[in-house]
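Here's a quick briefing to read with the model open beside you. We'll start with the ligand and its surroundings, then take a tour of individual residues.

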Amino acid sequence: MKKKITLIGAGQIGGTLAHLIALKGLADVVLFDVAAGIAKGKALDIAQSSPVSGFNVNLTGTDNYEDTKNSDVIIITAGVPRKPGMTRDDLLGINLKIIKQVAEGIKKTSPNAFVICITNPLDVIVMALQKYSGLPKNKVVGMAGILDSSRFIYFLSEELRVPVQKIKSFVLGGHGDSMVAMLGSTEIEGKKIMDLVREGKLTQEKLDKIVDRTKKGGAEIVKYLEKGSAFYAPAASGVEMAECYLSDLKKKIPCAVHLNGEYGTQNIYAGVPVIIGSKGVEKIVELELSKEERKNFDNSIKAVKELFDAAKKIDPELV
Ligand code: TXD
């Protein structure tokens with residue numbers, strides 16, 4: 001039975017998600033957008049490329065939640081992206097209202113879906129989505145850690161001239177300037193990155209610059225694009241999560257998930273390594289954190305909590 005993925009938001013990321021899912025033949029795709037024409041036009045355009053690219057999935061566009069019912073996976077990008085000079089947090093007010101609408105739309109039509117939220121400010125928006133929708137916490141996750149880790153790995157690969165496939169790392173915590181590159185879990189061709197620093201193969205200064213560039217990875221692209229934000233790498237990251245669920249891959253990947261005591265954190269969403277399989281979030285993996293990593297992780301959680309407090313002031317229903 002062909003799987004069904006609904007994409008709520010058919011903008012830059014939504015359209016790219018649809019194209020990547022079609023090229024992989026992962027599932028039939030329903031593109032949903034309040035701008036129905038965007039959803040319909042992009043669905044038709046990608047469908048018309050099927051004879052060239054050889055994929056065989058159905059793509060449709062709609063602004064009617066009925067057309068999205070019984071989705072296996074829902075990926076949400078509905079919302080507004082940043083403009084140059086804006087922080088992710090500046091999007092809170094408007095995207096909170098949008099995510100409330102989306103939660104209303106999906107909770108009745110796809111109660112069993114695995115829901116991947118991409119809309120910023122990610123950690124607070126995905127938590128609000130889970131509260132508004134009432135869907136199970138292990139089936140509502142946020143996409144950010146894969147993207148942030150991918151940016152970090154790419155920058156390391158450029159600096160050390162090592163293929164990205166030979167670099168392992170996690171960037172965890174909130175999807176903001178307080179995100180934490182877990183250096184203790186970063187390996188380059190099987191070697192701990194801090195050993196490379198000790199051996200003089202990578203200066204601490206260069207490593208600090210790469211960590212900082214990762215934190216600002218989104219803003220760097222917003223500056224270039226002027227209109228809109230990153231969408232190719234975010235879309236690729238969202239598809240990775242959907243594939244883990246649909247194919248029961250049980251990969252260990254960094255996602256924003258509900259923490260209930262793990263990492264000493266209660267009742268907040270933040271990025272940590274998890275096992276994603278056909279049951280959704282199947283396990284939260286607790287890494288050994290160094291003192292520095294623990295301090296930075298706690299600081300990142302604090303930033304997410306403060307932003308969620310701001311969200312509760314905007315909408316007391318979130319309390
Ligand atoms: O790592 C991450 N999580 C981030 C997330 C990486 C990059 C971008 N990030 C955020 O994703 C970004 O800050 C935005 O909040 C979302 C979507 O970014 P995108 O670049 O795709 O934005 P677009 O191109 O503006 O698309 C958003 C679409 C647009 O077509 C609107 O018409 C639609 O969302 N939209 C809605 N769809 C459904 N329902 C409602 N209510 C709605 N409102 C707007």
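Helices here are DSSP runs of H or I with at least four residues, numbered from the N terminus. With that in hand, helix 4 is the element that gives the most to the shell around the ligand, namely three residues. Keep in mind that this is a predicted model.

**The ligand and its shell**

- The space that the ligand takes up is the largest pocket.
- Two elements give two or more residues to the shell around the ligand: helix 1, residues 12-24, and helix 4, residues 92-109.
- There are 26 residues around the ligand, and the ones that come nearest are Gln12, Asp33, Gln101, Ile118 and Met143.
- Sorted by class, the shell has 14 nonpolar, eleven polar and one charged residues.

**Polar side chains facing the ligand**

- Asp33, already listed among the residues that come nearest, has a polar side-chain atom 2.7 Å from an oxygen atom of the ligand.
- For Asn95, the distance from a polar side-chain atom to a ligand oxygen is 3.4 Å.
- His175 joins in too, with an N or O atom of its side chain 3.1 Å from an oxygen atom of the ligand.
- How much of the ligand does the protein bury? Taken alone, the ligand exposes 860 Å², and the protein buries 89% of that.

**His175, up close**

- You'll find His175 in the loop between strand 8 (171-172) and strand 9 (180-181).
- Is His175 buried or exposed? Its relative accessibility is 10%, so His175 counts as buried, the cut-off for that being under 20%.
- Besides its ligand contact, the side chain of His175 has a polar contact of 3.2 Å with the side chain of Arg88.

**Strand 12: two residues to click on**

- Cys255 sits in strand 12, which covers residues 251-260.
- With a relative accessibility of 0%, Cys255 counts as buried.
- Cys255 and Val281 are 26 residues apart along the chain, and their C-alpha atoms are separated by 9.3 Å.
- His258 lies in strand 12 as well, and it is buried because its relative accessible area is 13%.
- Along the sequence, His258 and Gly142 are 116 residues apart, yet in space their C-alpha atoms are 9.4 Å apart.

**Two loops leading into helices**

- Gly9 belongs to the loop between strand 1 (4-8) and helix 1.
- Gly9 has a relative accessible area of 7%, so it is buried.
- From Gly9 to Gln101 you cross 92 residues of sequence, but 12 Å of space from C-alpha to C-alpha. Gln101 is one of the residues that come nearest to the ligand.
- Asp90 is in the loop between strand 4 (73-76) and helix 4.
- Why does Asp90 count as partly exposed? Its relative accessibility is 47%, and partly exposed is the class between the cut-offs of 20% and 50%.
- Asp90 and Gln48 are 42 residues apart along the chain, with 38 Å between their C-alpha atoms.

**Backbone oddities worth a look**

- The peptide bond joining Asn120 and Pro121 is cis, with omega at about -10°.
- Pro121 lies in the loop between strand 5 (114-117) and helix 5 (122-133).
- Arg161 isn't a glycine, but its phi is positive, at about 50°.
- Arg161 is in the loop between helix 6 (145-160) and strand 7 (167-168), and it is exposed because its relative accessible area is 75%.
- Glu189 also has a positive phi without being a glycine, with a value near 50°.
- Look for Glu189 in the loop between strand 10 (187-188) and strand 11 (191-192).
- At 51% relative accessibility, Glu189 counts as exposed, since the cut-off for that class is over 50%.

Key. Residues are numbered from 1 along each chain as its sequence is written. This is a predicted model: local features need pLDDT of at least 70, side-chain atom pairs count only at pLDDT 80 or more; totals for chains, interfaces and linings use all residues. Side-chain values use heavy atoms; hydrogens and water are left out. A residue is near a molecule or strand if one of its heavy atoms lies within 4 Å of it. A polar contact is a pair of N or O atoms within 3.5 Å; within protein, one must be able to donate a hydrogen and the other to accept it, and residues adjacent in sequence count only if both atoms are side-chain atoms. Accessible areas come from the Shrake-Rupley method with a 1.4 Å probe; for residues, only the protein chains shown count as cover. On a 1 Å grid over the protein atoms alone, a cavity is a set of points where a 1.4 Å probe fits but cannot get out, and a pocket is an open set with protein on both sides within 12 Å along at least five of seven lines; lining residues have an atom within 4 Å of a point. A molecule sits in a cavity or pocket if more than half of its atoms lie within 2 Å of its grid points. Ala, Val, Leu, Ile, Met, Phe, Trp, Tyr, Cys and Pro count as nonpolar, Asp, Glu, Lys and Arg as charged, and the others, Gly among them, as polar. Buried means under 20% relative accessible area, exposed over 50%, partly exposed in between (1.4 Å probe, protein chains only).
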